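Here is a short set of exercises with worked solutions. Have a look at the chain first, then try each task before reading on.

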Amino acid sequence: MASGFKITPEHIALMKDVLIEHVPHARALGMTVVNAAPNEAWLAVPYDENLVGNPETGVIHGGVITSLLDNACGIAVQLALPERMSIATLDLRIDYMKPATPKLDLVAHTHCYKVTANIAFVRGTAYHTDEADPIATCVGTFMLAANRTMPMPMTPEAAAEALAMLAQKKDGS
């Protein structure tokens, strides 16, 4: 895991730009990176009437909490890696402890506590103002270097061979 690396306000701004802005769903929810440290991330979603799951109670939909925790876990994993790489959520278990309070913003704090050669392990909490009074908690696993697709061949001969194989596959041969 990353150690001795100091997270600066510039890093947090970059994470917002890179790790939130490229995820349309996170942008649509108004998600922001509040703070970060090696192996940890704090994200927030402001209360918005458009995110309410039950109009009678004004409680934010549970899917918003899930998305917040998933994104926060992913950023904590990125901050635990020695270099940036693609990751994918393998498993995310969420235990809902109580409904979110209407009109209050959501915050998530996540911590990547173990990184192996292929998997990162994370836990986190969603809350309003006091992490000791959680709305939900989570544990998750993330696959490292998730995008391992081989690049297309670069030589004209290899490209022609690849196209020929695709044509055979299309013809059913």
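## Exercise 1: a ring and its neighbours

Tyrosine 113 is partly exposed, with a relative accessible area of 30% (buried means under 20% relative accessible area, exposed over 50%, partly exposed in between, with a 1.4 Å probe and protein chains only). This is a predicted model, in which local features need pLDDT of at least 70 and side-chain atom pairs count only at pLDDT 80 or more, while totals for chains, interfaces and linings use all residues. Residues are numbered from 1 along each chain as its sequence is written, and side-chain values use heavy atoms, with hydrogens and water left out.

Task: find what kind of aromatic pair tyrosine 113 and phenylalanine 121 form.

Solution.
- Step 1: count the pairs; the structure holds one aromatic pair.
- Step 2: take its geometry. The rings of tyrosine 113 and phenylalanine 121 are 6.4 Å apart, centre to centre, with 45 degrees between the planes, and the pair is tilted. Rings of Phe, Tyr and Trp (its six-membered ring) pair if their centres lie within 6.5 Å; planes under 30 degrees apart count as stacked, over 60 as edge-to-face and the rest as tilted.
- Step 3: check the partner's exposure. Phenylalanine 121 is partly exposed, at a relative accessible area of 26%.
- Step 4: look for a charge. The charged end of arginine 123 sits over the ring of tyrosine 113, 3.7 Å from its centre (the criterion is NZ of Lys or CZ of Arg within 6 Å of the ring centre and within 35 degrees of the ring normal).

## Exercise 2: laying out the sheet

Task: work out the order of the strands in the open sheet of six strands.

Solution.
- Step 1: list the elements. The chain has four helices and eight strands, and from the N terminus on they run α-α-β-β-β-β-α-β-β-β-β-α. Helices (H or I, at least four residues) and strands (E, at least two) are DSSP runs, numbered from the N terminus.
- Step 2: start with a hairpin. Strands β1 (residues 32-37) and β2 (residues 40-45) run antiparallel and are joined by five bridges; alanine 36 has alanine 41 in β2 as its bridge partner. Two strands pair if DSSP finds at least two bridges between them.
- Step 3: move to the next strand. Six bridges join β2 to strand β6 (residues 106-115), again antiparallel, and glutamate 40 has histidine 111 in β6 as its bridge partner.
- Step 4: write the order, β1-β2-β6-β7-β8-β5, with antiparallel pairing. β1 and β5 (87-96) stand at the edges, each with a single partner strand, so one side of each is left without a neighbour in the sheet. From one strand to the next, the twist averages 20 degrees.
- Step 5: add the helix. Helix α3 (residues 62-78) lies across β1, β2, β5, β6, β7 (119-127) and β8 (136-144), at about 40 degrees to β6. Axes are lines fitted to C-alpha atoms, for helices over the stretch in contact, and angles run from 0 to 180 degrees between N-to-C directions.

## Exercise 3: a buried alanine

Which residues does alanine 136 touch, not counting residues up to four places away in sequence?

Solution.
- Step 1: place alanine 136 in strand β8. Alanine 136 counts as buried because its relative accessibility is 0%.
- Step 2: collect the contacts (heavy atoms within 4.5 Å). With residues up to four places away in sequence not counted, alanine 136 touches Ile65, Leu69, Ile94, Asp95, Tyr96, Met97, Gly124, Thr125 and Ala126.
- Step 3: compare sequence with space. Alanine 136 and isoleucine 65 are 71 residues apart in sequence and 7.8 Å apart in space, C-alpha to C-alpha.
- Step 4: follow one contact. Threonine 125 lies in strand β7 and is buried, with a relative accessible area of 13%.

## Exercise 4: two positive phi values

Task: place asparagine 39 and lysine 103, and say whether each is buried or exposed.

Solution.
- Step 1: recall the background. Most residues other than glycine have a negative phi.
- Step 2: take asparagine 39. Its phi is near 75 degrees, a positive value; asparagine 39 lies in the loop between β1 and β2 and counts as buried at 12% relative accessibility.
- Step 3: take lysine 103. Its phi is also near 75 degrees; lysine 103 is in the loop between β5 and β6 and counts as exposed at 58% relative accessibility.
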